[in-house]
Amino acid sequence: MGSRMDALLKSYTAAAYPAILPEGTLSALQSQVKSLFEAARGSHAWDHTLRVCRLCEKIGRAEKADMDVLRVAALLHDIGRFRQDNANGRLCHAHQGAEMAVEMIRDLPLADGQKQNILHCIRSHRFRGDRVPDTLEAAVLFDADKIDAIGAVGVARAFLFAGEIGARLHNPDVRPEDCRPYSEDDTGYREYRLKLRKIKDGMLTDAGRSLASERHRFMEEFFERFLNEYEGKG
Ligand SMILES: [Fe+2]
Ligand SMILES: [Fe+2]
């Protein structure tokens with residue numbers, strides 16, 4: 001982590017909070033959360049949460065994060081998704097999720113500071129300007145969530161999402177910048193050009209940065225090949 005984050009974390013270190021949550025507590029929470037994803041679409045389904053949990057284990061340990069905070073935050077980070085979908089995007093799932101989580105974490109055997117941090121992690125994981133991740137755990141969750149949108153899984157999710165909204169495989173006649181989102185031209189390639197290829201530069205942790213750059217290289221190679229094959233050159 002950079003020095004700004006180090007300063008913020010002066011009084012909040014993982015060493016002060018060794019991981020204590022019993023496995024049973026986490027699995028009970030997991031079943032509760034899973035049920036909220038029954039109607040979710042494939043590109044944002046329950047298995048995304050599980051992948052983010054696994055990435056958080058890897059990045060969180062490398063960054064020496066508070067794993068209790070991180071495990072709970074990763075499990076709960078997208079619980080507000082169905083509220084955003086039901087409101088056609090007018091509600092922010094990160095804010096909704098943090099609201100919903102207050103009740104769900106109330107009785108967990110964690111310190112108040114840890115619970116506050118969990119809510120902050122959920123609220124800031126989307127990072128659209130108003131809420132910046134400003135604890136180590138929030139930074140790790142942010143990176144893990146974005147890393148699941150790139151690499152081979154990211155490419156697969158991009159095309160899955162395009163399929164869900166009825167988009168074409170590719171449209172070489174319209175520049176990605178000129179395509180409307182949620183239209184038939186909202187293709188996997190458009191998603192890559194406008195969003196996915198920028199993700200690696202927004203990583204907040206060293207471990208996240210190194211995972212992201214590896215996945216980025218694969219994605220670049222994939223789309224180069226995709227365009228060549230599409231044109232009959234590959
Ligand atoms: Fe999210
Ligand atoms: Fe997510």
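**Helix packing and domain layout in a predicted model**

Helix 3 and helix 8 are oblique to each other. The model is predicted. Two packed helices are described by the angle between their axes and the distance between those axes. For helix 3 (residues 46-62) and helix 8 (residues 136-147), the angle is about 130 degrees. Their axes lie 9 Å apart. An angle over 145 degrees would count as roughly antiparallel, and 65 to 115 degrees as roughly perpendicular. The pair falls in neither range and is therefore oblique. Helix 3 crosses helix 8 in a right-handed sense.

Residues from both helices build this contact. Helix 3 supplies V52, L55, C56, I59 and G60. Helix 8 supplies V140, L141, D143, A144, D145 and I147. Sorted by class, the contact holds eight nonpolar, one polar and two charged residues.

Helix 8 also packs with helix 7 (residues 112-124). Here the axes come within 9 Å and cross at roughly 35 degrees. This crossing, too, is right-handed. On the side of helix 7, the contact is made by N117, H120, C121 and S124. On the side of helix 8, E137, A138, L141 and F142 take part. By class, four residues of this contact are nonpolar, three are polar and one is charged. L141 of helix 8 appears in the contact with helix 3 and again in the contact with helix 7.

The next level is that of domains. The chain is divided into domain 1 (2-130) and domain 2 (151-230). Their centres, taken over C-alpha atoms, are 25 Å apart. The domains touch through seven residues of domain 1 and eight residues of domain 2. The domain 1 side of this contact has two nonpolar, two polar and three charged residues.

Confidence varies along the chain. The average pLDDT is 90, and 91% of the residues score at least 70. Among the elements of the chain, helix 11 (residues 206-230) has the highest mean pLDDT, at 98. Helix 1 (residues 3-8) has the lowest, at 50. Over residues 8-12 the pLDDT drops below 50. Beyond near neighbours in sequence, this stretch makes six contacts in the model. Where pLDDT is low, the predicted coordinates should not be read in detail.

Definitions and conventions: Residues are numbered from 1 along each chain as its sequence is written. Chains are lettered from A and ligands numbered from 1 in the order in which they are written. This is a predicted model: local features need pLDDT of at least 70, side-chain atom pairs count only at pLDDT 80 or more; totals for chains, interfaces and linings use all residues. Axes are lines fitted to C-alpha atoms, for helices over the stretch in contact, and angles run from 0 to 180 degrees between N-to-C directions. Helices (H or I, at least four residues) and strands (E, at least two) are DSSP runs, numbered from the N terminus. Angles under 35 degrees count as roughly parallel, over 145 as roughly antiparallel, 65 to 115 as roughly perpendicular and the rest as oblique. A crossing is left-handed if the near helix is turned anticlockwise from the far one by less than a right angle, and right-handed if clockwise. Two residues are in contact if their C-beta atoms, placed from the backbone, lie within 7 Å. Ala, Val, Leu, Ile, Met, Phe, Trp, Tyr, Cys and Pro count as nonpolar, Asp, Glu, Lys and Arg as charged, and the others, Gly among them, as polar. Domain bounds come from an automatic or database domain assignment. pLDDT is the predictor's confidence in each residue, from 0 to 100.
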